[in-house]
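Subject: Structure handover and notes

Dear colleague,

I am passing the structure below on to you, together with my notes on what was found in it. Please read the notes with the coordinates open, since they go residue by residue in places.

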Amino acid sequence: MSTVSTLTHDSKTTDKEVFDSTIPSSPKSLSKQFHEFLIKILKYGKIPQHIGFIMDGNRRFARKINVQTAEGHYMGFLKMEEVLDICLQLGIKVVTVYAFSIENFKRPKEEVDALMHLAKTKLIELCQSKTVKKYGVCVRILGNMSYVSQDLREVIEEAVEMTKDNNRSILNVCFSYTSRDEITNSVKSIVKMVENKQIQVGDINENLIEQCLFTHGCPPLEILIRTSGEIRLSDFLLWQCHQDCYIHFENCYWPEFSIWKMLQIILEYQLSNKITRKKSFF
């Protein structure tokens, strides 16, 4: 079964208690040097190769601090860039984020328009960022583009083209996406292969279905994190959440998600898998 954790569970592991005791109460008090020190410690244990994020809570965070919804989504984008950088520092090779669901098109037009504008203005900026260049990030947009306007599709194509030759890490941005749509698309691709006599019906198996998913070529999903306190997957990476995936529900809004929370989840993942350090620190 997949491992599931929430903020409410307690671990009696001595290593974790020692680790917790070294962390200041406010994430703002963590210096860059201390971040690097914690990351170095965690890298002695097993680091996941593929991590997913359901970036939930931008709207509620906007209401919490009394700003416009669009501003909440903008802060959510900035947090995505920050978390991506942390993941890459840790050595995580693939990061998959749930940016916009097909179901989100049902939200008020003003909010949807603001999100589309944010995507158009920030996608290219993301691909030109220092983080993408430093870590050789290939940015991929996964989803059903038939729901997306032509001008945004052109921006998406430009963004993907800019980073297509980067091969050291991957950022999958699930946009206009649901897992059901992804699986349906995979099945349609297989049906077409059968009709074109490229394969026989007997050739259809789990591996073939996986090869036709949007995430094909990526290592298995090892950690899935959802913010906002909601305990559900919201039609995200349902096929990829296999029995060994560590699922964590964090009780904070996405813009509030901190490096400390991220590092704590990695530690919990390592402890849940009974991972020992690869070598002595000294």
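Helices and strands are here DSSP runs, H or I over at least four residues for a helix and E over at least two for a strand, numbered from the N terminus. In those terms N104 sits in the loop that links β3 and α5. Please keep in mind throughout that this is a predicted model.

Taken as a whole, the protein has ten helices and seven strands, and of its 282 residues 49% are buried. If one considers the contacts between residues at least 6 apart in sequence, 79% of them join residues at least 24 apart. The exposed area comes to about 15000 Å², of which 51% is supplied by carbon and sulfur atoms.

I expect the pocket will interest you, and N104 is a convenient way into it. The largest pocket has a volume of about 740 Å³. Its lining consists of 33 residues, and those closest to the centre are M55, Y98, A99, F100 and N104. Two or more lining residues are given by each of α3 (58-64), α4, β3 (94-101), α5 (109-127), α7 (150-163) and β5 (169-177), and the largest share, six residues, is that of α5. By residue type, the lining of this pocket divides into 18 nonpolar, seven polar and eight charged residues.

Is N104 itself buried or exposed? Its relative accessibility is 14%, and because buried means under 20%, N104 counts as buried. The C-alpha atom of N104 is separated by 8.2 Å from that of S176, although the two residues are 72 apart along the chain.

Helix α4, one of the elements in that lining, covers residues 69-90. At 1.5 Å a residue its 22 residues should span 32 Å, and its end C-alpha atoms are indeed 32 Å apart, so the expected and the modelled lengths agree. The buried residues of α4 are G72, H73, G76, F77, K79, M80, V83, L84, I86, C87, L88 and L90. As background to the spacing in that list, an α-helix has 3.6 residues a turn, so residues three or four places apart point the same way. The residue that follows α4 is G91, which has a positive phi, near 100°.

K79 deserves a separate remark, as a lysine placed in helix α4. It counts as buried because its relative accessibility is 11%. Once residues up to four places away in sequence are set aside, K79 touches W254, P255 and F257.

Helix α10 (residues 259-272) also has the expected length, since its 14 residues reach 20 Å from the first C-alpha to the last, close to the 20 Å expected at 1.5 Å a residue. Eleven of these 14 residues are buried, and α10 is therefore largely enclosed by the rest of the structure. The buried residues in α10 are I259, W260, M262, L263, Q264, I265, I266, L267, E268, Y269 and Q270. One of them, Q264, has its C-alpha atom 9.8 Å from that of L38, with the two positions 226 residues apart along the chain. L38 belongs to helix α2 (residues 32-42), and with 2% relative accessibility L38 counts as buried.

Two serines may be worth a look when you check the backbone. Most residues other than glycine have a negative phi. S228, however, has a positive phi, near 90°, and S234 has a positive phi of about 50°. Both are in one loop, as S228 lies between β6 (223-226) and β7 (246-249) and S234 is likewise found between β6 and β7. Their surroundings can be told apart by accessibility: S228 is buried, with a relative accessible area of 9%, whereas S234, at 28%, counts as partly exposed.

Finally, there is Q198, in the loop between α8 (179-195) and α9 (206-211). Q198 has a relative accessible area of 55% and is exposed, because exposed means over 50%. Leaving aside neighbours within four places in sequence, Q198 is in contact with K192 and M193.

With best wishes

Conventions
Residues numbered from 1 in each chain as written. Predicted model: local features only at pLDDT ≥ 70, side-chain atom pairs only at ≥ 80, totals over all residues. Heavy atoms only, no water. Buried < 20%, exposed > 50% of the residue type's maximum accessible area, 1.4 Å probe, protein only. Contact = heavy atoms within 4.5 Å. Areas by Shrake-Rupley, 256 points an atom, 1.4 Å probe, with all protein chains shown as cover. Expected span 1.5 Å × (residues − 1). 1 Å grid on protein atoms, 1.4 Å probe; cavity = no way out; pocket = protein on both sides within 12 Å on 5 of 7 lines; lining within 4 Å. Points joined across faces, edges and corners; volume = space filled by probe spheres on them. Nonpolar A, V, L, I, M, F, W, Y, C, P; charged D, E, K, R; others polar.
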